[in-house]
Amino acid sequence: MTKLFTPIEFKQVQLKNRIVMSPMCMYSCMEQDGKITPFHETHYVSRAVGQAGLVMTEATAVMPEGRISHEDLGIWRDEHIDGLKQLNEQLHSCGAKTGIQLAHAGRKARLNSEIFAPSALAFNESSKTPSEMTKEDIMNTIQAFKDGAERAGKAGFDIIEIHGAHGYLANQFLSPLTNKREDEFGGSRENRYRFMSQLIEAVKTVWDGPLFVRISTDEYDPNGNTLDDILYFAEQMKQQGVDLIDCSSGGVVPASIKPYPGYQLRRCETIKQEASIATGAVGLITTGLQTEEILQNDRADLVLIGRALLRNPYWPKAAADELSESLPAPRQYERGWK
Ligand SMILES: Cc1cc2nc3c(=O)[nH]c(=O)nc-3n(C[C@H](O)[C@H](O)[C@H](O)COP(=O)(O)O)c2cc1C
């Protein structure tokens, strides 16, 4: 059997294969209220029918001021639970496991209201300058991640992922490019990790299921976090009981990136080996053969598929055909599957 279609377990949660729908913002909430719409249901359920093992939601805001746009999904109020619960029921009925990416955009929020970040530095010339977070803001934000995690549990998610990548709030604390604080949350890498560390601990008080963290493993800037810093963060996460590091890159500062197939893999593999923690590979992974090379060579434990799954919700079927693997059809689709 191919590794792509070999089940894998995180805590008590078994994924039927290693294919994860990568978190992708759809900016599709109708009333700027963060609630699930029929579009979201169709969009996510299609990928579950298409046999992705794990369907991960897009970045879902734990605070309204932490949205990238007014159209982002949210989990900052109890009223968000019902829609997410219904979505989970549908995804589960298709045999998929479900994950939610808990997020806060920090200085990358494109909102009319005040925005917040570790330091008062704008992302670029056309972005707003954020307010530097006070200690109270930091504590309230950590509490919001904890509350979001608790609501995610009530909504029936199997896995939680903290969004610590792409230059959003948690990443802004981690990076020396965006964190110029002089208190215990800034300066040394131990201090820059403190916010993430406290987020993880807060989430763990209300969540005992699998916990993933997405990080930017490369900031494409000579003054950004080094590989050594990234490995330090990964080791801390491992010690704190994080189950998997989802290895993305970039987004911290404007930088020119030249992506190529598997461009984020090298650091993903290094983190897996050096920090002895499971990793997820993502970034221009588009073929079954590519996933087999990654998984068979232990370069990652999961593959996250983004745009290829937007193009084709049945990407798992295409990968199975390419690898001469027989993939069971959804019962309703058996007559059309061969
Ligand atoms: C439309 C779109 C929205 C995205 N939104 C998110 C997001 O909400 N959270 C996140 O971590 N990454 C997000 N990403 C990045 C993807 O998860 C993925 O890492 C990236 O597209 C590279 O993988 P791919 O080459 O398979 O598309 C987004 C990408 C796309 C194309």
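## Rings, pockets and buried positions in a predicted model

Lys108 is placed over the face of Tyr168, 4.9 Å from the centre of the ring. This arrangement, like everything described below, belongs to a predicted model. A second charge of this kind is Arg110, which lies over the face of Tyr27 at 5.9 Å from the ring centre.

### Aromatic pairs

Rings also meet rings in this structure, which holds 9 aromatic pairs. In one of them, the rings of Tyr232 and Phe233 have centres 5.9 Å apart and planes at 65 degrees, and because an angle over 60 degrees counts as edge-to-face, the pair is given that description. Both partners are buried, Tyr232 with a relative accessibility of 15% and Phe233 with a relative accessible area of 2%. The pair formed by Tyr260 and Tyr263 is likewise edge-to-face, with ring centres 6.3 Å apart and planes at 65 degrees; here Tyr260, at 47% relative accessibility, counts as partly exposed. Elsewhere, Phe173, Phe185 and Phe195 are linked by ring pairs into a cluster.

### Pockets and the cavity

Which residues lie nearest the centre of the largest pocket? They are His166, Arg214, Ser248, Tyr263 and Arg307, out of a lining of 33 residues, and the pocket itself has a volume of about 710 Å³. Strand S4 (54-61), strand S13 (302-305) and helix H9 (307-311) are the elements that each give two or more residues to this lining, with the largest share, 3 residues, coming from H9.

The second largest pocket holds about 180 Å³ of space. Its lining consists of Thr217, Asp218, Tyr220, Ser249, Ile257, Lys258, Tyr260, Tyr263, Gln264, Leu265, Arg266 and Arg267, and thus takes in Tyr260 and Tyr263, the two partners of the edge-to-face pair described above. Tyr263 is also among the residues that lie nearest the centre of the largest pocket.

A search of the whole structure for enclosed space finds 1 cavity of 30 Å³ or more, and the volume of the largest cavity is about 50 Å³. Around the largest cavity stand Ala59, Thr60, Ala61, Gly66, Arg67, Ile68, Asp72, Ala103, His104, Ala105 and Tyr168, and S4 makes the greatest contribution to this lining, with 3 residues. Tyr168 therefore has two roles in this description, since the ring that lies under Lys108 belongs to a residue that also lines the largest cavity.

The classes of residue in the three linings are set out below.

| Site | Volume | Nonpolar | Polar | Charged |
|---|---|---|---|---|
| Largest pocket | about 710 Å³ | 17 residues | 12 residues | 4 residues |
| Second largest pocket | about 180 Å³ | 5 residues | 3 residues | 4 residues |
| Largest cavity | about 50 Å³ | 6 residues | 3 residues | 2 residues |

### Two loop positions

Is Thr178, which lies in the loop between helix H4 (169-174) and helix H5 (189-204), buried or exposed? Its relative accessible area is 3%, and because a value under 20% counts as buried, Thr178 is assigned to that class. Leaving aside residues up to four places away in sequence, Thr178 touches Arg107, Pro118, Ser119, Leu121, Asn171, Gln172 and Val252.

Gln32 also occupies a loop, the one between strand S3 (19-21) and helix H1 (38-49), but with a relative accessible area of 40% Gln32 is partly exposed. Residues up to four places away in sequence again being left out, Gln32 is in contact with Arg67, His70 and Glu71. One of these, Arg67, is also found in the lining of the largest cavity. The C-alpha atoms of Gln32 and Pro64 are 9.6 Å apart in space, although 32 residues separate the two in sequence.

### Helix H10

Helix H10, which spans residues 315-322, has Trp315, Pro316, Lys317, Ala319 and Ala320 as buried residues. What covers these buried residues includes S3, helix H8 (288-296), S13, H9 and helix H11 (334-337). Of these covering elements, S13 and H9 are also named among those that give two or more residues to the lining of the largest pocket. Following H10 comes Ser324, whose phi is positive, near 50 degrees.

Key. Residues are numbered from 1 along each chain as its sequence is written. This is a predicted model: local features need pLDDT of at least 70, side-chain atom pairs count only at pLDDT 80 or more; totals for chains, interfaces and linings use all residues. Side-chain values use heavy atoms; hydrogens and water are left out. Rings of Phe, Tyr and Trp (its six-membered ring) pair if their centres lie within 6.5 Å; planes under 30 degrees apart count as stacked, over 60 as edge-to-face and the rest as tilted. Buried means under 20% relative accessible area, exposed over 50%, partly exposed in between (1.4 Å probe, protein chains only). A charge sits over a ring if NZ of Lys or CZ of Arg is within 6 Å of the ring centre and within 35 degrees of the ring normal. On a 1 Å grid over the protein atoms alone, a cavity is a set of points where a 1.4 Å probe fits but cannot get out, and a pocket is an open set with protein on both sides within 12 Å along at least five of seven lines; lining residues have an atom within 4 Å of a point. Grid points are joined across faces, edges and corners, and a volume is the space filled by probe spheres set on the points. Helices (H or I, at least four residues) and strands (E, at least two) are DSSP runs, numbered from the N terminus. Ala, Val, Leu, Ile, Met, Phe, Trp, Tyr, Cys and Pro count as nonpolar, Asp, Glu, Lys and Arg as charged, and the others, Gly among them, as polar. Contact means heavy atoms within 4.5 Å.
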